[in-house]
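Here is a walk through one chain, from its sheet to its aromatic pairs and a couple of loop residues. Keep the viewer open as you read.

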Amino acid sequence: MIWGIFKRDMCHATRNVIAVIVSMGLVVVPALYAWFNIAASWDPYGNTKALKVAVANNDKGYKSDLIPVRVNVGETIISTLHANDQLDWQFVKSDKAIDGVKSGEYYAAIVIPKGFSADMMTLFSPDIKHAQLKYYLNEKINPIAPHITDQGATTVVNTIDKTFAKTIAQVGLDLASSILHYSQSPQMAEYMRNLNGNLTTMADTLSGASQQVTSYSQLLGSANDIVDSTGKLLASATKAGKQAQNALKQGKSGATSLTSAGANVTSSVNTALDQVSGAFDQVAAKVNKAFDAIGKGSDTAASQLATLSEQISSGESLYDTYITSLNHMRESVEQLPDSDSAKQALLEAIDREITLLEAAKGDSQKLAQQLKDASTQVTQDTAAAERSRKEILNRITSAKQSISNVRDDYATNVKPKIDALASTVSTLISQTDSMITQLSGTADGLDDVTGDVGTNVTSIRSTLGAIAKKLDSSAATVKELITKLETGGNAGDGNSDGGDGDNDADSGESDELRALATANASTLSTLISAPVALHRVSVYPIANYGSAMAPFYTILSIWVGAIILCAMLKVTISDREKAHVLGLGDTLPRIAGPSGPGNASRWGLRLDHEYFGRYAIFALLALLQGTLVCLGDTYFLGVQANHALQFLAVGWLAALVFSNIVYTLTVSFGDIGKAVAVVLLVMQVAGSGGTFPIETLPKFFQMLYPFLPFPHAIDAMHAAMAGSYGNEYLLDMVYLALFLIPSLLLGLVLRKPVIRLNNWVSRNLESTKVM
């Protein structure tokens, strides 16, 4: 039955010339649709040189007061664009450029403002300004042209950046080269020899002056000795009184220092021990809190333990403060006479207190180290972290015990001795004040004779000594400068013998400078202006833009061909054709009922026979359409196809699937089905990802994407053109073929209940004489 329907359809399609021409047109029209679109988009980005972009240069340039060199970046831009053929650059005045963009004569315009160069050169001043180009763009002329001209504007900006960086780098390298060449000239060598000679003379002069000042100071010292001897002779009668006065003054000074030191140490002890004891209690609580947080976040616990370690380490300054105070007090005690019985006992108590304090400080340091080690263990081993927790808590207990020992020893041994000594010292100070008052009258008379002379001579000698040191220091500085100049000259001549490490370092730096200065400045400046180059590696390369767009337009044309077939060919079989196929003459018996699908089933012509029998000619013409368009893409337009047979197979499968879908919609719903086929076409044009990546489309199309046949057909054709990753090609072909299942299900099963409804709708439409 199917073969009989197909054979009669072929006879009717080739019965006369008009039928043959129409059949050929049905095959050729979809191919023309694809070829015209592919050819039109073959290389659009290679023809951008016809797009007119205006450029106006208003830059007035810039000339520095320091370096009389005129800089005009705008002129550099114009010169660069003259050699650029990416776009059709039009060099006009700014007014014409702006008006041309508004009128549509130019797609875009770039205007270089008056102070462009001056703004760029503010890079070397404290007040930096950002240089700006004015870019005018007409976005209504064409949707793609603005993006192309944007690339042109970006090219201009990149050119400016590279040119500016290259110029600055080249100027610096040229300057370094000039300095190096000048330093190696004979004139510079003569300057260096003269400079070394003058510096040597200066150093000798400074050394001689220092020796003279020293000799004069010694002479004044001898005179002062004579004056002192005279004073001693005159004051021999009161020498014993003078010595007593000095001894009492020393005793008063030592007593005062001891009292002050004792008070300071007592205050320091109370403050330091209270802070440290309270800090250890806080540390114990924070350690437990940190280890309790290990299960929740090891990183947080590690951070807390590291913070505690830093806090413990920073707290060691309290111990140092306390130890320093004890040392000051010890120095004051040492000033007491050796005959004082309390001196040695107090010194021993202070030394024992310092030892205990050093031990407590050591415990704190070990605690800080254990906290630091634990901060790294909590992220590695939970069991080790728990052991560290116990060790740290034990260490805290030990440290607190050390503090208690310090406090107890201080209260038991040191403080009582300090208090007792302070009481004795208080009495001594009172007696000393009274005795000094009585002796002052006798001593003053003798001091008046020689005191002024001795004081003045001592002051003068101190000043002369400082002057001599300054002169020696200046002479040493000049000699060091001479040595460096000689070393630098040898390194510049390339004759340095290596000497010491400093000479080697200077020689190495000179060699690097010489290598940099003698290199090609243009090459180095180009490298500095653009240090990174982009190496483009194409994966599954496509020859051109036309080849890249060929799958989309090819698949689209095959769907359009399927719609044209259903628009030009009848999808239903007339009763007369059914009768001829069944061999019943020209008409079916009246018992067949109204004309429509399935009305000849009692004679053996079932609904599925009618479906496949009429679809056979649709399938044949669709295969011819797919064959023609794919062969034309490959051999007529030259579209890239690394696997030509796979490329052709995609066209065949797409032709069968698309023609069956459109045929089934038309058979099932008549003209409404044709409209649905057009709607599906529009949806797939927008949501197939053939032009823009599907990720850039709205969410609705991204959700609909997997359920459309276009994306799978396009992906399969891409794989056939450029190569397949794994089973990519086969999977896409399978996904495309799966669309036949719902189509056949609708055409053979689901349309049966609505056949009468569809016939009724068709009769009513035809009764309008318009539809």
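## The middle of the sheet

Val55 has Ile110 in β5 as its bridge partner. That pairing belongs to a run of five bridges between strand β1 (residues 52-57) and strand β5 (residues 108-112), and the two strands run parallel. A couple of other pairs help you follow the register: Ala56 sits opposite Val111 in β5, and Asn57 sits opposite Ile112 in β5. Bear in mind while you look that this is a predicted model.

Is β5 enclosed or open to the outside? Five of its five residues are buried, so β5 is largely enclosed by the rest of the structure. The side chains split between two directions: Ala108, Ile110 and Ile112 point one way, while Ala109 and Val111 point the other way, and all are buried.

## Out to the edges

Now for the wider picture. The sheet is open and has four strands, in the order β4-β1-β5-β6, with mixed pairing. At its edges stand β4 (88-91) and β6 (134-137); each has a single partner strand, so one side of each is left without a neighbour in the sheet. On average, neighbouring strands are turned by 20° against each other, direction ignored.

Where does the mixed pairing show up? On the β4 side, β1 and β4 pair in the parallel sense over four bridges, and Val53 stands opposite Trp89 in β4. On the β6 side, four bridges join β5 to β6, and these two run antiparallel. If you want a residue to click on there, Ala109 stands opposite Tyr136 in β6.

## Helices across the strands

Two helices are worth bringing into view with the sheet. Helix α3 (residues 73-82) lies across β1, β4 and β5, and runs at about 155° to β1. Helix α4 (residues 94-103) lies across β1, β5 and β6, and runs at about 155° to β5.

## Aromatic pairs

How many aromatic pairs does the model contain? The count comes to ten. Take Trp35 and Phe636: their ring centres are 5.6 Å apart and their planes meet at 50°, which falls between the stacked limit of 30 degrees and the edge-to-face limit of 60, so the pair is tilted. Trp35 is in helix α2 (residues 17-40) and Phe636 is in helix α17 (residues 607-636), so this pair ties together parts that are 601 residues apart in sequence.

The two partners have rather unlike surroundings. Trp35 counts as buried, at 14% relative accessibility, whereas Phe636 is exposed, with a relative accessible area of 59%.

Elsewhere, ring pairs link Tyr611, Phe612, Tyr615, Phe618 and Tyr663 into a cluster. There's also a charge over a ring to look at: Arg602 lies over the face of Trp603, at 5.7 Å from the ring centre.

## Two residues in one loop

Next, head for the loop between α14 (521-529) and α15 (545-568), where you'll find Ala543. With 59% relative accessibility, Ala543 counts as exposed. Which residue 179 positions along the chain has its C-alpha atom 9.3 Å from that of Ala543? That would be Ala722.

Tyr540 is found in the loop between α14 and α15 too. Its backbone deserves a look: phi of Tyr540 is near 55°, a positive value in a residue other than glycine. For context, most residues other than glycine have a negative phi. Tyr540 is partly exposed, with a relative accessible area of 37%.

## The whole chain

Finally, zoom out. The secondary structure comes to 24 helices and six strands. Of the chain's 771 residues, 36% count as buried. The exposed area is about 43,400 Å², and carbon and sulfur atoms supply 59% of it.

As for contacts, take those in the chain with a separation of 6 or more: residues 24 or more positions apart account for 77% of them. The pair of Trp35 and Phe636 is one link you've already seen between parts distant in sequence, at 601 residues apart.

Conventions:
Residues are numbered from 1 along each chain as its sequence is written. This is a predicted model: local features need pLDDT of at least 70, side-chain atom pairs count only at pLDDT 80 or more; totals for chains, interfaces and linings use all residues. Side-chain values use heavy atoms; hydrogens and water are left out. Rings of Phe, Tyr and Trp (its six-membered ring) pair if their centres lie within 6.5 Å; planes under 30 degrees apart count as stacked, over 60 as edge-to-face and the rest as tilted. Buried means under 20% relative accessible area, exposed over 50%, partly exposed in between (1.4 Å probe, protein chains only). A charge sits over a ring if NZ of Lys or CZ of Arg is within 6 Å of the ring centre and within 35 degrees of the ring normal. Two strands pair if DSSP finds at least two bridges between them. Axes are lines fitted to C-alpha atoms, for helices over the stretch in contact, and angles run from 0 to 180 degrees between N-to-C directions. Contact means heavy atoms within 4.5 Å. Accessible areas come from the Shrake-Rupley method with a 1.4 Å probe; for residues, only the protein chains shown count as cover.
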